[in-house]
Amino acid sequence: MTAGAEEVWFFDQDAGHLVRPYAITNGRTGPVRDGFALITLVVTADPRTDTTRLSPEPAAIIDLCRERPLAVAEIAAGLDLPVSVVKVLLDDLSEARLILTRAPVRLAEAPDVSLIQAVIEGVRRL
């Protein structure tokens, strides 16, 4: 390369991310709050949210979740990022109140199996 010449880098979409996951999360390996299961639903708090001042990955999450709620696993797949990285980013977005989440129903909150069986038997008798 000659002196004064600029080096040009070429890459394509198949090359993947040019930044390592730990750089995307500022070195954090997990969210502060552990409230994100793979099936936790995420939606943008305000569809008009301006993402121009956000980093690329959080902005992409906001954009993905504008139209409809998506599960954490769907977001990770859509961004081609590890789930652990997405959870850290979601934690930051939640703290900034840019997203709303809905956790999956816990087993303790789910109806009793015997109640479901009684309903099924009642419907069969009709």
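Helices, as the term is used here for H4 and its neighbours, are DSSP runs of H or I with at least four residues, numbered from the N terminus. The model described is a predicted one.

Helix H4 covers residues 83-95, and its 13 residues reach 18 Å from the first C-alpha to the last, which is close to the 18 Å expected at 1.5 Å a residue. Its buried residues are Val-85, Val-86, Lys-87, Val-88, Leu-89, Leu-90, Asp-91, Leu-93 and Ser-94, a list in which Lys-87 and Asp-91 stand beside residues such as Val-85 and Leu-89. Just after H4, the backbone at Arg-97 adopts a positive phi of about 60°.

The strands of the model form an open sheet of three, in the order S2-S1-S3, with antiparallel pairing. The edge strands are S2 and S3, each of which pairs on one side only. Strands of a sheet pair through backbone hydrogen bonds, in either a parallel or an antiparallel sense. Between S1 and strand S2 (residues 70-71), which run antiparallel, there are two bridges, and Leu-41 has Ala-71 as its bridge partner in S2. On its other pairing, S1 is joined to strand S3 (residues 99-102) by four bridges, again in the antiparallel sense; here Val-42 is partnered by Thr-101, and Thr-44 by Ile-99. The two faces of S1 can be told apart by their cover, since Val-42 and Thr-44 make up the covered face, whereas Leu-41 and Val-43 make up the uncovered one.

The loop between strand S1 (41-44) and helix H2 (56-64) contains Thr-49. Thr-49 has a relative accessible area of 13% and is therefore counted as buried, the limit for that class being under 20%. When its neighbours within four places in sequence are left aside, Thr-49 is in contact with Thr-44, Ile-62, Arg-66 and Leu-98. Of these contacts, Thr-44 belongs to the covered face of S1, and Arg-66 takes part in a salt bridge with Asp-63.

Salt bridges in the model come to a count of two. In the bridge between Asp-63 and Arg-66, the closest N and O atoms are 2.9 Å apart; Asp-63 is partly exposed at 39% relative accessibility, and Arg-66 is likewise partly exposed, with a relative accessible area of 21%. The side chains of Arg-48 and Asp-46 meet in the other salt bridge, with an N to O distance of 3.1 Å. In this pair, Arg-48 has a relative accessible area of 71% and so is classed as exposed, while Asp-46, at 28%, is partly exposed.

A nonpolar patch on the surface, with an area of about 450 Å², is made by Leu-115, Val-119, Val-123 and Leu-126. One of the residues in this patch, Leu-115, is found in helix H5, which covers residues 113-125.

Methods: Residues are numbered from 1 along each chain as its sequence is written. This is a predicted model: local features need pLDDT of at least 70, side-chain atom pairs count only at pLDDT 80 or more; totals for chains, interfaces and linings use all residues. Side-chain values use heavy atoms; hydrogens and water are left out. Buried means under 20% relative accessible area, exposed over 50%, partly exposed in between (1.4 Å probe, protein chains only). Contact means heavy atoms within 4.5 Å. Patches are made of residues with over 30% relative accessible area and no salt bridge: like charges are joined within 9 Å, nonpolar side chains (Val, Leu, Ile, Met, Phe, Trp, Tyr) within 5 Å. Accessible areas come from the Shrake-Rupley method with a 1.4 Å probe; for residues, only the protein chains shown count as cover. A salt bridge is a side-chain nitrogen of Lys or Arg within 4 Å of a carboxyl oxygen of Asp or Glu. The expected span of a helix is 1.5 Å times one less than its number of residues. Two strands pair if DSSP finds at least two bridges between them.
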